[in-house]
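Work through the exercises below with the structure open beside you. Try each task before reading its solution.

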2 protein chains.
Amino acid sequence: MSTIKDVAKLAGVSIATVSRMINQNGYVSKKTEVRISEAMEELGYEPLIIRRLADHSMPTIALILPDITNPFFSELARAVEDICQQKGYTVFFCNSDNQDFKEKSYLEALRKRKIDGIIYASNYLTQEELHKLQRDNIPVVVLDRSSDNHKCTLIRCNNYDGAQLAVKHLLDTGCRKIAHIYGPQEIVTAQERLNGYEDYVKSFSWYTPSLMAPGHFQLEGGMQAVETLLLRHPDIDGIFAGNDFMAIGALKALHRKGIQIPNDIAVCGFDGVKLAEIIEPELTTVAQPIYEMGETAARTLIEQIGNRDAKPHLEVIEINVSLIIRESTRRECESQ
Amino acid sequence: MSTIKDVAKLAGVSIATVSRMINQNGYVSKKTEVRISEAMEELGYEPLIIRRLADHSMPTIALILPDITNPFFSELARAVEDICQQKGYTVFFCNSDNQDFKEKSYLEALRKRKIDGIIYASNYLTQEELHKLQRDNIPVVVLDRSSDNHKCTLIRCNNYDGAQLAVKHLLDTGCRKIAHIYGPQEIVTAQERLNGYEDYVKSFSWYTPSLMAPGHFQLEGGMQAVETLLLRHPDIDGIFAGNDFMAIGALKALHRKGIQIPNDIAVCGFDGVKLAEIIEPELTTVAQPIYEMGETAARTLIEQIGNRDAKPHLEVIEINVSLIIRESTRRECESQ
């Protein structure tokens, strides 16, 4: 932790001058003020009084998520908030929109506003940013993202196995040509789900890479992917979508075309959002325990805030997924 | 704005002592520190350096909303964020859960963390809290709530007229006994929609107050309300739900009972969320221009932050709603 002495030295002024400026007690020239401010910035120096004020405020954490309109993330937010409320914390949500410059802005804004901890459920956290946060004693828990390269606690699901569960189930219900709608491939979860699908089906004679189409983890993306897939392969009889949001879009597009679900085409999603039960037909999905994930993330983070001065944790918590079978795949088996 | 002199006076110590504490430059007893801290709190005093740090950080506003899982609010959040991004602002979202103590916590946390402005789309903002924010020079724009009693800019829709539009449309499609699923009556929008419904139908011979059932602005609430209403009045042929989230729940409950929509019972919602188009059957709704509302709120707030030292604005911006007719009410007229 740097001191007022370090600031004075770097700015090339006396301690008394820095003190006058902090105190607003006596004259300091504009030019000197700028020099002192820059030195403070560079050293990450902050007067004790600021740290005190931060300590006095309500403890607050932030949840950075990529898409607030995706029910997976709003349900996750719900869980994080419930735990925080029990523990006397408030939560700020930040919507990064999967854009790295936005994520950077949020991290910067949160750091400057003395946030007590961050749950990071988005994509572009770099080692450098993580290091900056840790230097400022801000614990970080990463949710649902890459398992390596991060020097902090990580909570995630076995996406690869989940994808294979989906494909196996579609085959079991009699599907003979299964397509995949995938999420953005710079996102690890989307990658792993695609890999799980591809590794399972690539030995089948019907398989070809053009059975995969992008849906951008979005509702509209799911709708468009159905158009693309049906043009390429009018004979598909099963679709595995990399998240529920895209699967719901796919159901809509199929319905508009008068295609019967599940008898013409069966559809399976991934996530287990509440909405999957509400739509018609109800959606079969590989469910992540969304509430449990949010809860675990919040509890872990709050514990780390309590032990802020300990070394950063590097734990990886892997949570199991499970298949929930509903109308969108419940059809008479054609074989087996 | 209070000064270091006021703090010293209230704490009963010398200016030099306060200065030593702020500066962490020399000895101050624990007891004195506490006294000085209390005096600072009471006077709302903050050393110039803190205000400077706040100015240096990225400008950030907060959107306080009652329910992050309701798509109306996540779509609103989207709009607020788009504008903020254009203008170089970041946004923190706070989910108040319609609980006044949570709202208070958020306001306090935001105030302490030097937020630049607040869009308030929740329920319990008191005059006192508003006054505190204004004292700290934090502009507030209130969205979608009460039109009186607030000394700040207010953006809202004509809920009363919208409700009447819905009821009139249901009558036009041939409905002869229309029920209403209403939101929490401490929320002004829910109140106004209920009043709009009741004023329109109370002169009809079929009308009775037991045609109204609460749905708490929630999906599950809409489902439960259908159960209640059908027990009381098996002969209803139209439902006006006070928001889309409840209407979607109502559609689900009706579908599970094997009731044909719209021929047995027609359903109309309120809000105009994207999801209303995705579900089956597609939902007729009184649409608020959600994006425009969020956009206007964000633009107005950012303008006020730019003119922070001007008197608080008291403008009321009323935005029109419109009926969007879809499958859930599109049936053959029985009469007219």
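The exercises that follow deal with a predicted model.

**Exercise 1. The interface**

Task: Find how many residues each chain gives to the contact, and how much area the two chains bury.

Solution:
- Step 1. Start with the residues. Chain A brings 65 residues to the contact, and chain B brings 66.
- Step 2. Turn to area. The size of an interface is often expressed as the accessible area lost when the parts come together.
- Step 3. Here chain B and chain A bury about 5900 Å² between them. Carbon and sulfur atoms hold 57% of that area.
- Step 4. Look at single residues of chain B. B:Phe92, B:Arg113 and B:Glu280 lose the most area to chain A. Together they make up 13% of what that side buries.

**Exercise 2. Polar links and salt bridges**

Task: Count the polar contacts and salt bridges between the chains, then say which helix of chain B gives the most residues to its side.

Solution:
- Step 1. Across the interface, 36 residue pairs are in polar contact, both residues being at pLDDT 80 or more.
- Step 2. Salt bridges between chain B and chain A number 14. Over all chains, the whole structure holds 48.
- Step 3. Take one example. B:Lys252 pairs with A:Glu282 in a salt bridge, with the closest N and O atoms 2.7 Å apart.
- Step 4. Now the helix. Helix H6 of chain B, residues 100-112, gives the most to the side that touches chain A, with 8 residues.
- Step 5. Sort that side of chain B by class. It has 28 nonpolar, 16 polar and 22 charged residues.

**Exercise 3. One pair**

Task: Explain why the salt bridge of A:Glu81 and B:Lys102 joins two chains.

Solution:
- Step 1. Check the distance. The side chains of A:Glu81 and B:Lys102 meet at 2.8 Å, N to O.
- Step 2. Place each partner. A:Glu81 sits in helix H5 of chain A and B:Lys102 in helix H6 of chain B, so the pair joins two chains.

**Exercise 4. Enclosed space**

Task: Count the cavities of 30 Å³ or more, and describe the linings of the largest and second largest.

Solution:
- Step 1. The count is 3 cavities of 30 Å³ or more.
- Step 2. The largest cavity holds about 140 Å³ of space. Its lining has 16 residues. Closest to the centre are A:Asn70, A:Phe73, A:Arg145, A:Phe217 and A:Asn243.
- Step 3. Helix H5 (71-86) and helix H9 (188-201) of chain A each give two or more residues to this lining. By class, the lining of the largest cavity has 5 nonpolar, 6 polar and 5 charged residues.
- Step 4. The second largest cavity has about 70 Å³. Its lining includes B:Asn70, B:Phe73, B:Arg145, B:Phe217 and B:Asn243.
- Step 5. In chain B, helix H5 (71-86) and helix H9 (188-201) each give two or more residues to the lining of the second largest cavity. That lining divides into 3 nonpolar, 4 polar and 4 charged residues.

**Exercise 5. An open pocket**

Task: Find which residues lie closest to the centre of the second largest pocket, and which element supplies the largest share of its lining.

Solution:
- Step 1. The second largest pocket has a volume of about 600 Å³.
- Step 2. Its lining has 31 residues. Closest to the centre are A:Pro71, A:Ser74, B:Thr69, B:Pro71 and B:Phe245.
- Step 3. H5 of chain A supplies the largest share, 4 residues.
- Step 4. Sort the lining of this pocket by class: 14 nonpolar, 8 polar and 9 charged residues.

Definitions and conventions
Residues numbered from 1 in each chain as written. Chains lettered and ligands numbered in written order. Heavy atoms only, no water. 1 Å grid on protein atoms, 1.4 Å probe; cavity = no way out; pocket = protein on both sides within 12 Å on 5 of 7 lines; lining within 4 Å. Points joined across faces, edges and corners; volume = space filled by probe spheres on them. Nonpolar A, V, L, I, M, F, W, Y, C, P; charged D, E, K, R; others polar. Contact = heavy atoms within 4.5 Å. Buried area = accessible area lost by both parts, 1.4 Å probe. Salt bridge = Lys/Arg side-chain N within 4 Å of Asp/Glu carboxyl O. Polar contact = N/O pair within 3.5 Å; in protein donor to acceptor, adjacent residues only side chain to side chain.
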